[in-house]
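Visitor: I have a protein in front of me and would like to learn how to read it with some care. Could you walk me through it by question and answer?

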Amino acid sequence: MISAWDQGCARVALPPRFSESIRVGGQHIFWPNVLVPWLQEVRTRRPDLAIRAISATPQRLNRDLENDEIDLAFQYDPVRLRGLRVEELFPDRLVMVSARP
């Protein structure tokens, strides 16, 4: 019930310059190198799209997806819920760093 109320309020409060909206969430680690550039590109290509973006833990992102509070989430290890599409965007490169030569 609260989610439906929040969604209704968001639609009513949408300024006229926006025709659609999207709710995006991502793990903290993705923001500097992935999400900020991606959101800038989305804004450039779709100036009519209102974007609500949050940074959260994987547990919260999974909960928000399940409760239809966000439309899209960027995370390392998503929970495979029925009805959700999971797509790998790129392989993660791991680099070992040490203070000892």
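Guide: Before we start, a residue is called buried when its relative accessible area is under 20%, and exposed when that area is over 50%. Please keep in mind as well that this is a predicted model.

Visitor: In what order do the elements of the protein run from the N terminus on?

Guide: The secondary structure comes to three helices and three strands. Read from the N terminus on, these elements follow the order α-β-α-β-α-β.

Visitor: Which residues does the face of helix 2 turned away from its buried side carry?

Guide: It helps to begin with the buried side, where Trp31, Leu35, Leu39 and Val42 of helix 2 are found to be buried. Seen down the axis of helix 2, these buried residues fall within an arc of 70°, so they line one face of the helix. In general, an α-helix has 3.6 residues a turn, so residues three or four places apart point the same way. The face turned away from this buried side carries the exposed residues Pro32, Asn33, Gln40, Thr44 and Arg45.

Visitor: Which strands do the buried residues of helix 2 pack against?

Guide: Helix 2 covers residues 31-45, and it gives three residues to the largest nonpolar core. Its buried residues pack against three strands, which are strand 1 (20-26), strand 2 (49-55) and strand 3 (72-74).

Visitor: Which residues make up the largest nonpolar core?

Guide: In soluble globular proteins, nonpolar side chains tend to be buried together. Here the largest such core has six residues in all, namely Val24, Phe30, Trp31, Leu35, Leu39 and Phe74. Apart from it lies another core, of five residues, among them Ile54, Ala56, Leu61 and Leu65. Leaving aside neighbours within four places in sequence, one residue of the largest core, Phe74, has contacts that include Val24, Phe30 and Leu35, and also Leu61.

Visitor: Is Asn62 buried or exposed?

Guide: Asn62 is found in helix 3, which covers residues 58-66. Its relative accessible area is 11%, and because a value under 20% counts as buried, Asn62 is buried.

Visitor: Which side chain does the side chain of Asn62 join in a polar contact?

Guide: Leaving aside its neighbours within four places in sequence, Asn62 is in contact with Gln75, Pro78, Val79 and Leu81. A polar contact of 3.1 Å joins the side chain of Asn62 to that of Gln75.

How values were computed. Residues are numbered from 1 along each chain as its sequence is written. This is a predicted model: local features need pLDDT of at least 70, side-chain atom pairs count only at pLDDT 80 or more; totals for chains, interfaces and linings use all residues. Side-chain values use heavy atoms; hydrogens and water are left out. Helices (H or I, at least four residues) and strands (E, at least two) are DSSP runs, numbered from the N terminus. Buried means under 20% relative accessible area, exposed over 50%, partly exposed in between (1.4 Å probe, protein chains only). A polar contact is a pair of N or O atoms within 3.5 Å; within protein, one must be able to donate a hydrogen and the other to accept it, and residues adjacent in sequence count only if both atoms are side-chain atoms. Contact means heavy atoms within 4.5 Å. A nonpolar core is a set of buried Ala, Val, Leu, Ile, Met, Phe, Trp, Tyr and Cys residues joined through side-chain atoms within 4.5 Å. The arc is that of the directions from the helix axis to the C-beta atoms.
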